Amino acid sequence: MMDKRAFLQTFTASALASTQLGAWAQPAPVPTKGAQHQLSGTGSDGKPVMLSDFKGKVCLVSFFTAGCALCVNELRLMREFYTNNRQRDFVLLGVNLDDKSADFMQYIDLLKVSVPAEQRFPIAWRNAPGHQDSFGAITRRPTHYVLNRQHQQVLRREGSFQPTDWDDLWISLN
C-alpha cells in the first residue's frame with residue numbers, strides 16, 4: 001500500500017484526468033426532474049447513511065471517483081458551499097463510485113489528513129454490499145443532483161456545476 005505522501009505526490013491532475021471510466025455504471029433510466037429519491041448505504045465511518053435521515057433539508061448529492069480531477073475540484077467548491085450553508089438546512093452527500101474498496105478507503109484516509117473536520121460531509125461507497133439508491137446509471141464523472149426538502153430532484157448536472165446551478169441551489173435554500 002502506498003503511503004499518503006507518495007499518494008499525494010502522484011495524485012496529479014494529469015494522472016487523474018487520464019483515468020478511464022470504471023465499470024460502475026448501472027443499467028437504469030436517468031431520473032427526471034421532480035423524481036423523489038432514496039439512498040441507503042454505509043458511510044466511510046462504517047455508519048449507515050440514509051437520505052431519509054436528512055428529511056426537510058436541501059441535499060446536493062454528488063457522485064464521483066477519487067481518480068477524477070474534475071470531481072476533486074468540484075468537491076472542493078462544494079465543501080465551501082456546504083461549510084457556509086449547513087446551518088441553513090443544507091446537506092452535501094458524496095457517493096463514491098470507485099470499483100475497489102481499497103481505493104475508496106485510501107481516498108477517505110487522504111481526506112482525513114487534508115480536509116478540516118468542519119468541511120467533511122457524509123460519503124457513501126456505491127459499490128458497498130447493501131447500497132441502494134434511486135439515481136440510476138451514472139455515466140459521467142462527476143454527476144450532481146440537487147434535491148429539494150422533499151428530496152425531489154430539482155437539478156441533475158453531469159460534469160462541472162455551472163454558475164446558474166449555484167444560483168439555483170442558493171434559491172432552493174430560501
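## A tour from the open sheet to the aromatic cluster

Start by selecting β2, β1 and β6: these three strands form an open sheet in that order, with antiparallel pairing. The edges are β2 (48-50) and β6 (132-133), each of which pairs on one side only. Keep in mind as you look around that this is a predicted model.

Next, zoom in on strand β1 (residues 39-42) and β6, which run antiparallel and are joined by two bridges. To find your place in this pairing, show Ser40, which stands opposite Gln132 in β6.

**Second stop: strand β7**

Now select residues 143-147, which make up strand β7. Is this strand mostly covered or mostly open? It is mostly covered, as five of its five residues are buried. Colour the two faces separately if you like: Thr143, Tyr145 and Leu147 lie on one side, His144 and Val146 on the other, and all of them are buried.

Which strands pair with β7? One is β3 (residues 58-64), which pairs with β7 in the antiparallel sense over five bridges. Show Phe63 here, and you will find it opposite Thr143 in β7. Another is β8 (residues 153-158), also antiparallel to β7 and joined to it by five bridges. In that pairing, His144 stands opposite Arg157 in β8.

Follow the chain from β7 into β8 and you pass through a hairpin with five residues between the strands. Pause at His151 in the turn, where phi is positive, at about 65 degrees.

**Third stop: aromatic pairs**

Switch on the rings next; the structure holds 11 aromatic pairs. Begin with Phe63 and Tyr145, whose rings are edge-to-face, 5.9 Å centre to centre with 75 degrees between the planes. Because Phe63 lies in strand β3 and Tyr145 in strand β7, this pair ties together parts that are 82 residues apart in sequence. Both Phe63 and Tyr145 are buried.

Now move to Phe81 and Trp166. Their ring centres are 5.4 Å apart and their planes meet at 45 degrees, so the pair is tilted. This pair, too, links distant parts of the chain: Phe81 is in helix α3 (residues 69-85) and Trp166 in helix α5 (residues 163-172), 85 residues apart. Phe81 is buried, with a relative accessible area of 12%.

Widen the selection to Phe81, Tyr82, Phe90, Phe121, Phe161, Trp166 and Trp170, and you have a cluster linked by ring pairs. While Trp170 is on screen, add Arg88: it lies over the face of the Trp170 ring, at 4.2 Å from the ring centre.

**Last stop: helix α5**

Finally, look along the axis of α5. Where do the buried residues Asp165, Leu169 and Ser172 sit around this helix? Asp165, Leu169 and Ser172 are buried in α5. They cover an arc of only 60 degrees around the axis, so they are on the same side of α5. Turn to the other side of α5 and you will see Pro163 and Ile171, which are exposed.

To see what the buried residues of α5 pack against, select β3, α3, β4 (90-96), β7 and β8. That brings back β7, the strand with five of its five residues buried, together with its antiparallel partners β3 and β8.

How values were computed
Residues are numbered from 1 along each chain as its sequence is written. This is a predicted model: local features need pLDDT of at least 70, side-chain atom pairs count only at pLDDT 80 or more; totals for chains, interfaces and linings use all residues. Side-chain values use heavy atoms; hydrogens and water are left out. Buried means under 20% relative accessible area, exposed over 50%, partly exposed in between (1.4 Å probe, protein chains only). Helices (H or I, at least four residues) and strands (E, at least two) are DSSP runs, numbered from the N terminus. Two strands pair if DSSP finds at least two bridges between them. Rings of Phe, Tyr and Trp (its six-membered ring) pair if their centres lie within 6.5 Å; planes under 30 degrees apart count as stacked, over 60 as edge-to-face and the rest as tilted. A charge sits over a ring if NZ of Lys or CZ of Arg is within 6 Å of the ring centre and within 35 degrees of the ring normal. The arc is that of the directions from the helix axis to the C-beta atoms. Contact means heavy atoms within 4.5 Å.
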